[in-house]
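Hi,

Here is the structure I promised to pass on. Have a look at it first, and then read my notes below.

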Amino acid sequence: MKEYDPDSYEICMELALELARDGLGKVSPNPPVGAVLISKELQIAKGWHSEFGGPHAEVACINDAKSQGIDTQGATIFVTLEPCGHHGKTPPCAEAIIEAGITRVIYGHNDPHPVTRGKGPDQLLAAGVEVKAGILESECAKLLAPYLCHIRERRPLVTAKWAMTLDGRIASATGDSKWITSDITRKWTRERRGDHNAILVGIGTVESDDPQLTARTPGVSDPLRIVLDPGGRISADRRLLNDGAPVMLVILEGQSVPSGLPESVEVLSIPGNPVENGKSVIDLKHLLLKLGERNIQSLLVEGGAVTIGHFFDTSCVDRCQVLIAPKVIGGALAPGPVAGRGLDLMTFAIEALDPKWSEFGPDRVLEASLTPIGRGRQSR
């Protein structure tokens with residue numbers, strides 16, 4: 001078991017990060033934040049932002065200390081994000097820290113939000129509290145990446161996800177794709193849907209697979225489901241249109257709205273960009289800005305290959321989640337996961353940054369950033 005003390009900066013921040021992850025998919029548009037308090041007697045309290053509108057991590061941590069009878073006077077608190085200094089749905093965390101008698105605040109990442117940036121640390125310093133920033137800053141940035149992207153770029157962070165065989169196929173030449181990965185991997189991916197505000201697929205996937213696009217996991221919220229349907233050709237009997245949960249249908253500007261849609265379906269018209277064959281495709285950058293206006297911070301793009309290719313061709317992918325099954329399909333006509341135009345030279349290939357590999361039964365999962373924004377950094 002790790003030993004925690006006020007001078008174990010990285011160990012304590014690692015724990016705060018672990019706590020913060022419990023808020024993924026539950027606190028948006030707020031960021032997921034974790035906090036750890038160490039008293040002068042080396043007692044430990046923990047807290048995290050667990051739901052939107054609820055106590056922030058620092059206040060939850062202080063409340064945990066009080067419930068344990070831990071004296072917060074002279075304590076040190078570790079927080080993954082700069083404590084807020086403004087009145088929102090809750091009072092400023094900086095005030096709560098000062099009132100608790102905490103004398104040292106150590107945090108991981110600055111908050112770029114114009115409403116609060118710098119205010120909390122300034123209040124703490126004015127009250128004589130020691131403040132230190134930048135502990136495990138890169139790790140905190142990765143966790144905060146959707147929030148940071150939304151504040152800086154005004155759009156959601158985009159993650160492209162696909163499952164494929166060892167030879168890079170997402171289906172056989174006949175179109176059969178059920179199932180590439182194992183039950184345990186599919187269960188994990190359904191759970192991970194809850195980490196995102198929205199999930200998007202193209203009309204081809206909806207018409208061929210009739211997916212639900214839900215988490216189907218107790219305690220995990222379902223993301224908003226978005227269908228790219230430029231021509232407005234969706235069939236009204238698709239399962240995701242008829243379960244009563246919200247769906248956003250994105251069509252080309254000027255296109256007629258499909259008939260027979262239930263009230264739970266919102267239709268969003270987006271301008272198109274011309275392509276080589278004379279047709280128009282959805283302007284994805286325009287769409288992402290519209291989603292950002294709705295406080296959607298994280299978008300999971302699940303397919304199919306044409307849609308994922310469209311996102312890559314327009315440089316709209318920040319992260320990837322790739323599921324690899326130990327199977328071989330073969331066949332020159334069996335499709336791969338990313339269609340579209342692609343890149344002309346290998347030297348232009350997009351490299352996976354900070355790749356993380358996980359095992360689920362026989363399968364392997366790669367999660368990686370593909371842009372600086374995916375790492376929580378600013379765009380170049």
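Arg154 touches Cys149, Leu288, Leu289 and Gly292, if you skip residues up to four places away in sequence. This is a predicted model, by the way, so keep that in mind as you read. You'll find Arg154 in the loop between helix 5 and strand 6, where it takes a positive phi of about 65 degrees just after helix 5. Is Arg154 buried or exposed? Its relative accessibility is 55%, so it counts as exposed, the cut-off being over 50%. The C-alpha atom of Arg154 is 26 Å from that of Ala349, and the two residues are 195 apart along the chain.

Now go back along the chain to helix 5, residues 137-153. What happens at Leu144? Helix 5 bends there by about 70 degrees, and Pro146 follows within four residues. The end-to-end distance fits into the picture too: helix 5 has 17 residues, yet its end C-alpha atoms are only 20 Å apart, while a straight helix would reach 24 Å. Its buried residues include Leu143, Leu144, Pro146 and Tyr147.

What does helix 5 pack on? It sits on a sheet, touching strand 6, strand 13, strand 14 and strand 15, and its direction makes about 125 degrees with that of strand 6. That sheet is open and has nine strands, in the order 10-9-8-7-13-6-14-16-15, with mixed pairing. At its edges are strand 10 (265-270) and strand 15 (353-360), each pairing on one side only. On average, neighbouring strands are turned by 20 degrees against each other, direction ignored.

For one pair to look at up close, try strand 7 (residues 198-202) and strand 8 (residues 224-228): they pair in the parallel sense over five bridges. Gly202 stands opposite Leu228 in strand 8. Helix 8, residues 284-293, lies across both of these strands as well as strand 6, strand 9, strand 10 and strand 13, and runs at about 135 degrees to strand 10.

Finally, compare another arginine. Arg193 is found in helix 6 (residues 183-193). At 9% relative accessibility it counts as buried, because the cut-off is under 20%. Which backbone oxygen does the side chain of Arg193 reach? It is the one of Thr214, at 2.8 Å. Leaving aside neighbours within four places in sequence, Arg193 is also in contact with other residues, among them Ile199, Leu213, Pro223 and Glu302.

Cheers

Key
Residues numbered from 1 in each chain as written. Predicted model: local features only at pLDDT ≥ 70, side-chain atom pairs only at ≥ 80, totals over all residues. Heavy atoms only, no water. Pairing = 2+ DSSP bridges. Helix = DSSP H or I, 4+ residues; strand = E, 2+ residues; numbered from the N terminus. Axes fitted to C-alpha atoms, helices over the stretch in contact; angles between N-to-C directions. Contact = heavy atoms within 4.5 Å. Buried < 20%, exposed > 50% of the residue type's maximum accessible area, 1.4 Å probe, protein only. Polar contact = N/O pair within 3.5 Å; in protein donor to acceptor, adjacent residues only side chain to side chain. Expected span 1.5 Å × (residues − 1). Bend = angle between axes of the 7 residues up to and from the residue.
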